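Notebook open, model loaded. I wanted to see how the strands and one helix fit together, so here is what I looked up.

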Amino acid sequence: MLLFQRHPGRAVLTPAGRTYAREIERAFGVIADATSLVAPQSQRGYLVVASGPSFAAKWLQPRLPEFLRANPEVRIRLSTLSDHDDLESTRFDIAVAYGYPHTSKLDVEPLLVERLRPLCSPALATMLALKTPHDLSRATLIHSSNGLTWSEYLRRVCDAEVRHDNGLWLDRSVMAIEAAVDGLGVVLESDVLAAEELSDGRLIAPFDDSRFSVEVTSYYLVRSRGYNTSSYAATAFEAWLRSAFKAANLTSKSGGM
């Protein structure tokens, strides 16, 4: 395969050569990004905070300006975790993990309890006449990776089996919430990630009764191996995180350094 053609005094890339060059450029970009995540020297002066994509986008990122205004000397780098395996390979100082990360190598403690309940658009609740969880047999259930499956939820809150035929499976909570806003079905979510949609009325809890909510400790604080307990940035961020949960009327698990 010819990658370039020689001409007097110059060489010109062939179409195959141009394609190869573009792909090599992308590959080097991926390598550079990966290096910046794992190389400690590239993070010097930053507090590196990692979390799942949905928590980062829906909860943490919108509130970070509040922390930075109160702590102007602290610089934050926010990265995302695809799964718990990333905790072993990604460079971070503090991570907020969804679900308990089974590792003996890192300092892990419970951070936040979430209240999971069915949420949907007001129009869908009216159209399906949703009054109790038994009415979910008429609905499309939107599934995502969270602390409780629909099957587990229905077993806990219903005294009889609820059969449902329609389902929509999405990888991320942020996608599942958007699907519910668009009226595609009912999502099982919490106020942690759906606070904005509940506040502005795009989503409602059709069964707004504590009997139909399930509390689960889903979020965990993870500290890196080299975590500096005397670091002002780290301690300030942890204190702010817990106070922000409290301000949002979320149940934070008390923890110590």
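I started with strand pairing, keeping in mind that this is a predicted model. Strand 5 (residues 94-98) pairs with strand 10 in the antiparallel sense, over five bridges. For a register check I took tyrosine 98, which stands opposite tyrosine 219 in strand 10.

Next I looked at strand 6 against strand 10: these run antiparallel too, joined by nine bridges. Here glutamate 109 stands opposite leucine 221 in strand 10.

How enclosed is strand 10? I found eight of its ten residues buried, so the strand is largely enclosed by the rest of the structure.

Then I picked one residue in strand 10, serine 218. I get a relative accessible area of 2% for serine 218, which is buried because the cut-off is under 20%. Which side chain does the side chain of serine 218 make a polar contact with? I found glutamate 114, at 2.8 Å. Leaving out residues up to four places away in sequence, I listed what serine 218 touches: Ala97, Tyr98, Gly99, Leu112, Glu114 and Gly147.

Last, helix 5 (residues 150-157). I noted Trp150, Tyr153, Leu154 and Val157 as buried there. Looking down the axis of helix 5, I saw its buried residues fall within an arc of 95 degrees, so they line one face of the helix. The face turned away from that buried side carries Arg155 and Arg156, both exposed. What do the buried residues of helix 5 pack against? I wrote down strand 6 (107-119), strand 7 (141-143), strand 9 (186-190) and strand 10 (214-223).

Technical notes
Residues are numbered from 1 along each chain as its sequence is written. This is a predicted model: local features need pLDDT of at least 70, side-chain atom pairs count only at pLDDT 80 or more; totals for chains, interfaces and linings use all residues. Side-chain values use heavy atoms; hydrogens and water are left out. Buried means under 20% relative accessible area, exposed over 50%, partly exposed in between (1.4 Å probe, protein chains only). Helices (H or I, at least four residues) and strands (E, at least two) are DSSP runs, numbered from the N terminus. The arc is that of the directions from the helix axis to the C-beta atoms. Contact means heavy atoms within 4.5 Å. A polar contact is a pair of N or O atoms within 3.5 Å; within protein, one must be able to donate a hydrogen and the other to accept it, and residues adjacent in sequence count only if both atoms are side-chain atoms. Two strands pair if DSSP finds at least two bridges between them.
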